[in-house]
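This report introduces a structure to a reader who has not met it before, beginning with its sheet and ending with its ligand.

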Amino acid sequence: MITVTDGAGLIEQEQRHLAHNYHPLPVVISSADGAWVTDVDGRRYLDCLAAYSAVNFGHRHPVIIDAAVRQLGRVTLTSRAFHTDQLGPFADRLAALCRKEMVLPMNTGAEAVESGIKVARKWGHDVRGIAEPEIIVAGGNFHGRTITVISFSDDPEARTGFGPYTPGFTVVPYGDADAVAAAITERTVAILVEPIQGEAGVIIPPADYLPRLRELCDRNRMLLICDEIQSGLGRTGATFASDHVGVVPDLYLLGKALGGGVVPVSAVVGDAEVLGVLQPGQHGSTFGGNPLAAAVGSAVVGLLETGEFQQRAAELGVRLHDRLRALIGSGVTAVRCAGLWAGIDIDPAIGTGRQLGERLLARGVLVKDTHGSTIRIAPPLVITEAELDFAVDQLAGALAE
Ligand SMILES: *Cc1c(COP(=O)(O)O)cnc(C)c1O
């Protein structure tokens, strides 16, 4: 082992020893607090990615860190072979937040998606008596990176070369309820959808899309599964993005911010008539629902119970949207905004999303590009109005460079 402490050396070390499945911006972070991160040379950057919404409450939120530290001094992992004093309270609190009866705790988002698919298929077998259940999904989806999940991705980069693929999925265009209706067969047991597509570039469907999917599910005895892993837990100005259109899915898939930026915590949340299909031995996870995760998850739900973060995202989101819309025509071709979450299409004449990200890095703002010409802004919800203005000012400056 060689000891390296300088930024360039650390980047080179990563490139030498890590699989090349990421292409990070050239910044080496060594500490963080609230909406800000600091690199190894002491330079500060405003974090406008928030780990893809896993850090909704800001870096090292004191309430979350306090819960984690207290639990680190007690017990961190037992497996589900035994009960703990943390898991019941966490499940109770999370179920109440979702106005549902049952929680299936997992770790990563992709595991929550896989678990939701397993539950829907089991429900299809046991309750509807379907031997080969099918699930309808949306084009442009992002639900994670496992084999089954990329089997129904239509992104060639995510999918090509990883076959054979898991069957049982039908892909129809996002935002098109008629296409969903036309794709339903007697074997369809569920519709799996992001209420707003994050990785696709913050794509907001027509307002009647989710309500119509809800109706189709009710009429055809199918489950509506909403992947709120990125859109949920305050990001859009409500607890769930589906709240904005008054839709309650049969299953919520949660992750990212549920772990408070500390540990991976994900969950499938639903009522007993659906999640109740799982019996002992049929599904599980060694780390799922561990006491550290449960303590952190409880603290996160506690923060959401106040409504304070949802309100901040709603209020600051209006300002963000207004200020970004003013950039249309000045290097920006389109803006899509939901709370403190924005997809910004950059005029290709100005540069790629990646190039804009590099210019913003030099200006002290961290963002991530997606699909070539789009950048996404998703700051921690603790960001102040002045900090948000700073981010948009720097974006305007980077576009004018
Ligand atoms: C990030 C994400 C996932 C996958 O979560 P991981 O924790 O990276 O496995 C699934 N669905 C959506 C909508 C996401 O944004």
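The text below describes a sheet and then the surroundings of a ligand.

The model is predicted, with local features requiring pLDDT of at least 70 and side-chain atom pairs pLDDT 80 or more, while totals for chains, interfaces and linings use all residues. Residues are numbered from 1 along each chain as its sequence is written, and side-chain values use heavy atoms, leaving out hydrogens and water.

Seven strands (DSSP runs of E, at least two residues, numbered from the N terminus) form an open sheet with mixed pairing, in the order β4-β10-β9-β8-β7-β5-β6. Because β4 (102-106) and β6 (169-172) at the edges each have a single partner strand, one side of each is left without a neighbour in the sheet. From one strand to the next, the twist averages 20 degrees, taken between axes fitted to C-alpha atoms in N-to-C directions, on a scale from 0 to 180 degrees. Strand β5 (residues 134-138) pairs with β6 in the parallel sense over four bridges, where pairing requires at least two DSSP bridges, and Ile135 stands opposite Phe169 in β6.

Around the ligand (a heavy atom within 4 Å) are residues including Thr108, His143, Glu194 and Lys256. Polar contacts are pairs of N or O atoms within 3.5 Å, and the table gives three distances between such atoms.

| Residue atom (N or O) | Ligand atom | Distance |
|---|---|---|
| Phe142, backbone | nitrogen | 3.5 Å |
| Asp227, side chain | nitrogen | 2.7 Å |
| Gln230, side chain | oxygen | 2.7 Å |

Taken alone, the ligand exposes 380 Å², of which the protein buries 81%, by the Shrake-Rupley method with a 1.4 Å probe.

Technical notes:
Polar contact = N/O pair within 3.5 Å; in protein donor to acceptor, adjacent residues only side chain to side chain.
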